[in-house]
Amino acid sequence: MGFCNSCGRPIVKEDYGTNEDGSLNPEFCKDCFQDGKYTEPDITLTEMIVRKSKEMMEKNPRLPETTATGITTTFIPGLKRWNPEFKDDYQF
Ligand SMILES: [Zn+2]
């Protein structure tokens, strides 16, 4: 099992995003990446961290907010979508 390189959620094959040619993209979940594009191209790293912290706290009501944000602020910025090194793959 991998995880989405945009939102960080654990994903299995059924959750994979899709490339432009319709093939599966195991790097991203289908909520984040469809038909070769991000579903929300304008979302910022901060917005993603806030959203994921909230989701985590909804799923684990007893999880302290500091713990949730501690996990997301450590984990999400290192994902390929947000890590500047990922941009080396693009041609400008
Ligand atoms: Zn995702």
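Let's start at the metal. The site of the zinc ion is tetrahedral, with angles of 105 to 114° among its four donor atoms. One caution before we go on: this is a predicted model.

Who holds the zinc? The protein donors are C4, C7, C29 and C32, each through its SG atom. They lie 2.3 Å from the ion. Look along the sequence and you can read their spacing as C-x2-C-x21-C-x2-C. Within that pattern, C4 and C29 link distant parts of the chain, 25 residues apart. C4 sits in the loop between β1 (2–3) and β2 (10–11). C29 sits in strand β4, which covers residues 24–29. Are these two buried or exposed? Both C4 and C29 are buried.

Now step back to the whole protein. There are two helices and six strands. What is their order? Start at the N terminus and you get β-β-β-β-β-β-α-α. So much for the order; next, the dimensions. The C-alpha atoms fill a box of roughly 45 × 30 × 20 Å, taken along the principal axes. The protein has 92 residues, and buried residues make up 28% of them. One number on contacts. Take those with a separation of 6 or more: residues 24 or more positions apart account for 37% of them.

Stay with the loop that holds C4. S6 lies in that loop, between β1 and β2. How accessible is S6? Its relative accessible area is 0%, so S6 counts as buried. What does it touch? Set aside the neighbours within four places in sequence. S6 is then in contact with F28, C32, Y38, M48, I76, L79, R81 and W82. Notice C32 in that list; C32 is one of the zinc donors. There is also a distance to look at here. S6 and P77 are 71 residues apart in sequence, yet 9.1 Å apart in space, C-alpha to C-alpha.

Compare that with V12. V12 is in the loop between β2 and β3 (16–18). With a relative accessibility of 35%, V12 counts as partly exposed. Pair V12 with W82, which is 70 residues away along the chain. Their C-alpha atoms are separated by 21 Å.

Next, the aromatic rings. A pair of rings is described by the distance of the centres and the angle of the planes. How many aromatic pairs are there? By this rule the count is four. One of them is F33 with Y38, an edge-to-face pair. The centres are 5.3 Å apart, and the planes are at 75°. F33 is buried, at 9% relative accessibility. Add F28, and you have a cluster: F28, F33 and Y38 form one aromatic cluster. You have met two of these already, since F28 and Y38 are both among the contacts of S6.

On to the helices. α1 runs over residues 45–59, which is 15 residues. From its first C-alpha to its last it reaches 21 Å, close to the 21 Å expected at 1.5 Å a residue. Which residues of α1 are buried? Here we find M48, I49, K52 and S53. Why do they share a side of the helix? They cover an arc of only 130° around the axis, which puts them on the same side of α1. Now turn the helix round. The face away from the buried side carries the exposed residues T46 and E58. And what do the buried residues of α1 pack against? They pack against α2 (65–75).

Let's see that packing from both helices. From α1, take K52. K52 is a lysine, and it counts as buried at 13% relative accessibility. Leave out residues up to four places away in sequence, and K52 touches C7, T72 and I76. C7 brings us back to the zinc, as C7 is one of its donors.

From α2, take T72. T72 is buried, with a relative accessible area of 3%. Leaving aside neighbours within four places in sequence, T72 is in contact with I49, K52, S53, M56 and P77. Three of those names should be familiar: I49, K52 and S53 are among the buried residues of α1.

So where does the tour end? Back at the helix pair: the buried residues of α1 pack against α2. And K52 of α1 touches both C7 and T72.

Methods: Residues numbered from 1 in each chain as written. Predicted model: local features only at pLDDT ≥ 70, side-chain atom pairs only at ≥ 80, totals over all residues. Heavy atoms only, no water. Donors = N, O, S within 2.8 Å, 3.2 Å for Na, K, Ca; no water. Tetrahedral: all angles 85-135°; square planar, octahedral: opposite > 155°, others 65-115°. Helix = DSSP H or I, 4+ residues; strand = E, 2+ residues; numbered from the N terminus. Buried < 20%, exposed > 50% of the residue type's maximum accessible area, 1.4 Å probe, protein only. Expected span 1.5 Å × (residues − 1). Arc of directions from axis to C-beta. Contact = heavy atoms within 4.5 Å. Phe/Tyr/Trp six-rings, centres within 6.5 Å; stacked < 30°, edge-to-face > 60°.
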